[in-house]
Every structure is written in C-alpha cells, then in structure tokens.
Amino acid sequence: MTEENNKKEEPKQQTAEEKTEEYLNNWKRERADFLNYKKDEARRVEEFVKFANKDLILEMIELVDDLEIASKEVPGVGLEQVTKKFQDLFKKYGVERIKMGNKLEPAIHEVIETEPGGNKMKEVRAGYTMRSKIIRPVRVRIIK
Amino acid sequence: MAKILGIDLGTTNSAMAVVEIGQPRILENKEGMRTTPSIVAIGKNGERYIGVTAKRQAVTNPANTIFSVKRLIGRRYDDAEVQRDKALLPYEIRKGSSGDVEVKLGNEWKKPAEISAMILQKLKADAEDKLGEKITEAIITVPAYFDDAQRKATKDAGEIAGLTVKRVINEPTAAALAYGFNKKKDEKIVVYDFGGGTFDISVLEVSEDTIEVKATGGDTHLGGDDIDQRIIQHFISEFKKESGMDVSKDQLVVQRLKDAAEKAKHELSSTLQTEVNIPFLTADSFGPKHFTMSFTRAKLEELVRDLVGKSIELTKKTVQEAGLKMSDIHEVVMVGGQTRMPLIVEEVKKLFGKEPHKDINPDEVVALGAAVQGGIMQGDIRDVLLLDVTPLSLGIETLGGVMTKMLEKNTTVPVSKSQIFSTAADNQPSVEIHVLQGERAMATDNKTLGRFILDGIPPSPRGGPQIEVSFDIDANGILNVKAKDKATGKEQSVRIEGSSGLSDEEKKRMTADAEKFAAEDAKKKELAEARNMGETLAYTTEKMVKDNESKIKDDDKKELNAKMEKVRKAVKGDNVDEIKKATEELSKSAQRIGGELYKQTNNSQPTTNNAEKTEEKSESEAKS
C-alpha cells in the first residue's frame with residue numbers, strides 16, 4: 001500500500017496561471033500557519049507563566065514534607081507554625097494540599113505499599129494541586 | 001490539513017509529536033506530561049486506567065496492571081524471550097489459539113495488540129484535545145529488530161485505536177530523521193539507545209533516499225532502572241554502615257531512598273557532587289535516624305561502570321557485525337534519558353573518537369523523528385519550503401566605534417528590520433552608514449560589507465535628526481541597507497549580494513573569535529558607552545548653561561564648567577571608572593542646578609514645536 005503511494009506521478013506541464021495560483025495558495029497557507037502558530041504560542045506562554053514556579057514549588061514542598069515529619073517526631077517546638085507559614089505561602093501562589101478522601105482514585109493517589117487484605121488508605125506523603133492541576137499526587141499505603 | 005501524529009510506543013514510556021510549520025513538536029498528554037507510561041490497568045470496579053494513573057495504582061493491583069506489553073507484542077508464546085519474561089511479569093499470560101500470547105486483564109483475555117491499542121487510544125484522544133482537531137493518521141515506531149509479525153501487530157494496535165498507520169518505522173531511523181540525517185548521503189550512523197529498561201544499538205546506512213538498518217544489537221534487560229537500583233542499594237548499605245539498621249524491607253523507607261536516588265542521579269549529570277539529605281528516614285529505640293551523605297559523580301560512576309561497559313561492548317560487537325570499523329561511523333546519535341549521564345557520553349565518545357549528537361532531548365527524539373516522517377509524507381502534497389538563516393549578525397557602526405546589531409545571527413530570511421538613529425554632533429550635515437557583519441562588540445573587529453553616506457541633513461542640534469536605517473534580506477540572500485532622513489525624505493542605499501557567502505571555516509572562526517574575545521570586547525564596549533554618556537552629558541550641560549546664561553549663578557557656572565572640563569578630559573583617556581566618576585559628579589551638579597532652574601521657570605508653556613514634530617512623525621510612519 002505504502003509503495004503505491006510512493007510512486008511519483010508523471011510530471012505534467014504547469015501553466016503560468018496554475019503556478020501563480022499554487023504560489024498564492026502556499027503563501028496563504030504559510031500566513032495562516034503563522035497566525036495560528038502565534039495564537040497557539042500565546043496560549044502556551046500563558047500556560048507557561050501560570051506554572052513557571054512549579055519546579056521551585058515542588059522542591060519547597062519536599063522541605064515541607066521533612067518539616068511535617070519532624071513536627072510529628074518532635075511536637076510542640078514550633079515546627080507546626082513554620083509548616084503553617086509555608087502552607088499559607090503556597091496558597092498565595094495557588095498551591096493547595098489535596099484532601100486524601102477515602103476512596104482510591106489513581107488520578108490523585110499513588111499507592112506505594114499494600115498490606116494483604118487491606119482496604120483503607122493511609123497518607124504517607126501529602127499531595128498538592130497548583131491552580132487546580134495536580135502537581136504531586138498523594139502517596140498512600142493501603143492498610144487493614 | 002489534518003496532522004499526522006508521530007508516536008514513540010515505548011516499553012516503559014511513550015511519547016507523541018506533530019509537525020507544525022515544518023518543525024516537530026512534542027505534545028503533552030492530558031496530565032500535562034511529555035511522556036506517558038505505557039501501562040494499562042483495570043480497577044476493582046472495572047474502571048480503566050491508562051498511563052500515569054495506571055502506574056500509581058500498580059502496587060495495589062499488580063495482577064490487573066499490564067506493563068511492558070511491548071515485550072510480548074507479535075511474539076509466539078513459546079519464544080524464549082516470552083518464557084524468560086513470563087517469570088518477571090506479575091500479570092497472567094497464556095498461549096492463544098494461534099500460538100500467540102494472551103494477557104489477562106480483568107476477566108478478559110486480550111491480545112497484546114489490544115493493550116497497546118488502549119495506550120494509543122489515550123495518546124490519540126489527548127492529542128486531539130491538545131490540538132483541537134481530529135487525528136486519524138499516525139506513524140508508529142518499533143525497535144529495529146522487530147520482525148514482520150511484531151510490526152504487523154503494532155500496526156494492528158494502531159488500527160484498533162482508530163488510527164490509519166501510514167507507516168511503521170524503526171526507532172533508530174526516527175532518531176536519525178529528527179537530526180535530519182536522511183539528507184546525509186552515504187553516511188553510516190550509530191544510534192545508541194539506553195532507555196529505562198532496554199538497551200538497543202543500531203547501525204544505519206543512509207543512501208539515496210532510504211535509511212537502511214545494517215545491524216542491530218543490545219540487551220532487552222539493561223537500562224536506566226538498573227542504574228537506579230544500584231544507587232538505592234548503595235544508599236541502603238551506607239545507611240546500614242552508619243546506623244546498623246537494614247531498611248531494605250521497609251517499603252516506605254525504600255520509596256524515599258528511591259526518590260533521593262533519582263534526584264541525585266539527575267543532579268550528578270550536571271554537577272560533580274551532591275548532598276543526599278533525608279531527615280527522619282526511620283527510627284529505633286534511641287530515637288529518629290537521619291540519613292545524610294555526600295554523593296559524588298565519581299562514586300556513581302564506580303557503581304555502574306560495569307553496566308556502561310557492557311553497553312559499550314555490545315556497541316563494538318554490533319558495529320563489527322555490520323562489517324564496519326569504529327572509524328567508518330560518521331555520526332553517533334544518543335537516545336534514551338540515561339544517555340544524559342556524562343560517563344556514557346564520555347565512553348561513547350572514546351569508542352568512536354567523535355562527539356555524539358545529544359542536542360535533541362533523548363527522551364523525545366524518537367517521537368519527534370516519527371513526526372518528521374509524517375511531515376515528509378505530507379510534503380508529497382505540499383512542497384516543504386526551506387528557508388535560510390543569517391549565519392552571522394548584521395549591523396552598523398555607531399558612536400564610539402560600537403557595532404550596533406540590526407539582525408541577530410540565525411534570523412530566518414527573508415526579513416526586514418528598521419531602527420531610528422540620529423547625529424552625534426551639532427549641525428552634522430551627513431551620516432556614514434558602515435554595514436558590518438560579525439559577532440564582535442567593536443566595529444573594527446567585524447567584517448565590513450559596505451559603506452555609504454547620506455548627506456543633505458539640514459542643520460540641527462545633535463540627536464535631532466531622525467535617520468531611519470533599514471536592513472532587508474530577500475529570499476535570495478541579497479541584503480539591502482537603506483538610510484532615510486525622515487525630515488527631508490532623502491535616502492541612500494547599498495545592495496550587498498552574497499552577504500551569507502561565507503565559507504564554513506570563516507563562519508566558525510568568526511563565531512569562535514566572538515566567544516574568545518567576549519570579555520575583552522565587553523570592556524571595550526563599556527568604555528565606548530561610558531565615553532558616549534560622558535560626552536552627551538557634557539554637551540547637554542553646556543547647552544543648558546548657554547540657554548540660561550542669565551539665570552544661573554556664577555558660582556554654579558564655575559562648578560559646572562570645572563566638572564565639564566573634568567569629564568571631557570576623562571573621555572580622552574581610557575579609564576572607564578574615571579569617566580564614570582566624572583560623569584556622575586557632573587550629573588549630580590547638573591541635576592541640582594537644573595532643578596533650581598526649573599523652580600524659577602515653573603510656569604513656562606509647552607512649545608508648539610512638539611506638536612508639529614509628532615504630526616510629522618506619524619505621517620512618515622504611515623508612508624513607510
């Protein structure tokens with residue numbers, strides 16, 4: 001099938017008029033391509049700007065993970081307040097912690113371990129959204 | 001015209017791309033990612049997951065999560081490969097009625113092609129969503145060693161997904177296409193593909209209008225995942241040495257080590273040392289245990305040297321099987337994320353004695369090449385227009401011998417650009433336009449393409465006249481430089497043919513010079529700019545004094561004159577700091593005295609001159 005497509009057609013004589021027509025059409029196409037590209041590019045830039053901080057935020061979230069573990073291990077020394085400050089800062093940039101829920105949804109949950117016969121979820125690492133888009137899923141363990 | 005989707009249907013991950021305005025571009029999936037895990041799953045309630053969602057629930061649903069189906073597609077159940085992989089796969093497979101493989105997904109037995117079709121379907125839907133148009137045609141890539149049955153099954157998968165598969169092409173061929181090597185007649189190309197789970201090596205030969213596979217080799221069970229495993233094992237043993245605790249059975253801990261391993265691996269591709277720092281990794285009866293260690297690139301390389309060495313041995317063997325010597329190879333192309341590792345680049349370079357190509361993202365190069373193939377096929381209908389670029393920057397000489405760029409290097413032609421310049425002295429009757437080519441900061445270090453003089457400029461103070469200089473390069477590469485006095489409409493121009501007619505060596509030398517002398521040039525430019533600023537300020541201050549002869553106090557005049565003198569003396573020398581200091585001092589005094597003047601004549605009216613000027617300007621702009 002593909003071989004047939006490859007066969008070159010007999011070269012036919014083109015009149016000047018046909019050529020003009022072809023060139024004009026190609027030019028129009030090129031213009032249209034360019035204008036459409038510009039529109040797409042504008043959309044992409046908009047999206048890019050919206051999520052430009054994403055990588056930095058993700059690295060900061062890792063620090064907050066550590067703080068959260070630390071405040072559980074060593075409660076009452078003010079680490080909770082520091083964590084809270086981070087969460088407030090995140091909110092300012094449209095970053096929010098995902099509520100775990102109680103039904104497994106792979107769109108927001110990432111399972112890293114399952115206890116045999118388990119059917120409940122336990123959060124082991126928080127998930128986050130940025131401007132309603134998931135930037136990190138909630139890590140869960142399935143437990144009994 | 002509908003776009004043809006280029007699809008890299010990988011063992012671990014897949015990617016897709018389309019050609020837009022002659023250039024291939026990766027399309028992100030619905031989740032916003034540039035690659036999609038090649039995984040399909042059926043949940044407990046029959047819901048279907050494809051891609052990253054399937055991956056996220058794999059641990060809790062291993063029997064119904066199908067990954068690496070590419071290892072099974074188009075194969076016979078009795079194949080040694082299938083029998084070997086069977087033990088490694090947590091899902092069930094069986095022999096189909098025609099001797100092929102069947103996979104159990106939920107309560108149904110499916111052909112591997114049907115599983116691949118689900119992945120393709122998702123890619124198709126996500127692409128349509130992204131582009132806002134229907135996609136009906138695709139180019140799909142397969143490993144070069146795939147036989148007819150495997151190719152046919154891959155094609156079937158596409159058709160099941162509702163795609164007309166215009167062609168099934170080899171992954172290494174796609175990579176070569178992405179680099180445009182299909183135009184390199186009679187060249188021999190090696191594609192080194194170190195993926196997540198497989199290592200493939202291919203030797204290609206480019207002839208008149210085909211790319212032929214001369215030999216293939218590799219290891220279907222060698223990849224970046226093995227490297228990750230080595231790092232994790234190293235972390236586990238280091239932690240054991242430090243704390244005496246074995247954490248290898250604790251999935252939560254292993255997961256955190258895995259995250260850190262991946263991060264460290266990425267970082268060590270660009271730095272020589274990184275810090276692994278995991279607080280509260282675990283705890284014993286004495287309290288929490290943290291994990292901190294410094295991890296060097298040298299250590300990482302030591303951990304995986306044998307794996308990389310194995311790939312190099314396989315590469316040697318394959319090139320020899322193609323009946324070639326290492327020195328016969330013209331180009332080496334890197335594919336697969338793991339090839340970002342400096343050790344791999346170094347070893348491959350050592351083997352072939354030449355720098356491998358790695359400019360295109362190695363995770364995306366195959367999909368991009370598939371899109372290029374689609375573009376070539378569409379080119380049958382509409383000729384692809386090839387456009388040249390300017391090999392070096394073009395500009396003119398301005399005050400202080402500085403090269404002012406008008407068109408940056410690598411600008412696509414045809415192109416035109418204009419900018420307004422002015423005079424540098426009072427009553428200057430003419431300006432010289434000195435057309436230059438090159439990357440250096442100072443005019444004298446660049447190549448002169450031509451010069452001409454625009455005269456008949458009516459007497460006016462410096463900075464007054466508006467001289468519009470325009471550069472135009474047509475589709476044939478002919479440069480036209482025009483200067484026009486906006487007040488009189490007088491113009492002069494020069495036509496320069498073959499402005500890009502530089503030999504490759506010349507281009508290379510000029511670009512290399514620009515890099516070599518960048519620091520020196522920056523200094524020269526800074527000096528020229530400082531001088532210009534000093535001179536301009538001295539000039540405007542002098543004018544202010546002259547215009548307000550009676551209003552400025554004698555002491556102030558004396559102060560200004562002394563400082564002007566200092567600036568004019570400084571600009572004759574070449575001490576940038578001195579010029580800047582003198583200019584700043586003059587600026588301070590001039591601002592203070594100017595401010596006082598302003599207070600005195602607070603209620604002066606704006607002149608009508610301004611209005612006339614604006615009108616004139618907009619008129620001439622409309623004309624051009």
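## A first look at chains A and B

A compact globule of 624 residues would have a radius of gyration near 25 Å, yet chain B comes out at 34 Å. That radius is taken over C-alpha atoms, and the globule rule is 2.2 Å times the number of residues to the power 0.38. This is a predicted model, in which local features need pLDDT of at least 70 and side-chain atom pairs count only at pLDDT 80 or more, while totals for chains, interfaces and linings use all residues. Residues are numbered from 1 along each chain as its sequence is written, and chains are lettered from A, with ligands numbered from 1, in the order in which they are written.

**Chain B as a whole**

Lined up along its principal axes, the C-alpha atoms of chain B fill a box of roughly 105 × 75 × 55 Å. Its secondary structure comes to 15 helices and 26 strands; these are DSSP runs (helices are H or I with at least four residues, strands are E with at least two), numbered from the N terminus. Of the 624 residues in chain B, 39% are buried. Here, buried means that 20 or more other C-beta atoms lie within 10 Å of a residue's own, exposed means 12 or fewer, and partly exposed is in between, with C-beta atoms placed from the backbone. Two residues are in contact if their C-beta atoms, placed from the backbone, lie within 7 Å. Among the contacts in chain B with a separation of 6 or more, 64% are between residues 24 or more positions apart.

The domain assignment splits chain B into domain 1 (5-223 + 305-388), domain 2 (224-304), domain 3 (392-496) and domain 4 (504-597). Such bounds come from an automatic or database domain assignment. The C-alpha centres of domain 1 and domain 3 of chain B lie 51 Å apart.

**The nonpolar cores**

In soluble globular proteins, nonpolar side chains tend to be buried together. A nonpolar core here is a set of buried Ala, Val, Leu, Ile, Met, Phe, Trp, Tyr and Cys residues joined through C-beta atoms within 7 Å. The largest one has 104 residues, and B:Ile7 and B:Ala176 have the most contacts inside it. Helix α3 (residues 112-131) of chain B gives the most to this core, with eight residues. The core also draws at least three residues from each of domain 1 and domain 2 of chain B. Apart from it lies another core of 22 residues, including B:Leu394, B:Leu407, B:Leu454 and B:Ile473.

Back to B:Ala176: leaving out residues up to four places away in sequence, its contacts include B:Phe181, B:Ile189, B:Val333 and B:Gly369.

**Two helix residues in chain B**

B:Ile231 is found in helix α6 (residues 224-243). It counts as buried because 23 other C-beta atoms lie within 10 Å. Beyond its neighbours within four places in sequence, B:Ile231 is in contact with B:Ala261, B:Ala264, B:Lys265, B:Leu300 and B:Leu303.

B:Ser589 lies in helix α14 (residues 576-600). With 17 other C-beta atoms within 10 Å, B:Ser589 is partly exposed. B:Ser589 and B:Glu559 are 30 residues apart in sequence, and their C-alpha atoms are 7.8 Å apart in space.

**Where the chains meet**

The contact takes 18 residues from chain B and 22 residues from chain A. On the side of chain B that touches chain A, α1 (52-56), α7 (251-267) and β16 (273-284) each supply at least two residues. The residues of that side divide into eight nonpolar, six polar and four charged. Ala, Val, Leu, Ile, Met, Phe, Trp, Tyr, Cys and Pro count as nonpolar, Asp, Glu, Lys and Arg as charged, and the others, Gly among them, as polar.

Chain A is assigned domain 1 (1-50) and domain 2 (54-143), with C-alpha centres 48 Å apart.

**Backbone oddities**

Most residues other than glycine have a negative phi, and most peptide bonds are trans. Here are some spots worth a look.

| Site | Backbone value | Place |
|---|---|---|
| A:Arg131 | positive phi of about 45° | loop between β4 (128-130) and β5 (133-136) of chain A |
| B:Asn427 | positive phi near 55° | loop between β21 and β22 (431-437) of chain B |
| B:Val413 to B:Pro414 | cis, omega near 0° | B:Pro414 is in the loop between β20 (402-407) and β21 (415-421) of chain B |

A:Arg131 counts as partly exposed, with 13 C-beta neighbours inside 10 Å, and B:Asn427 is exposed, with 12 other C-beta atoms within 10 Å.
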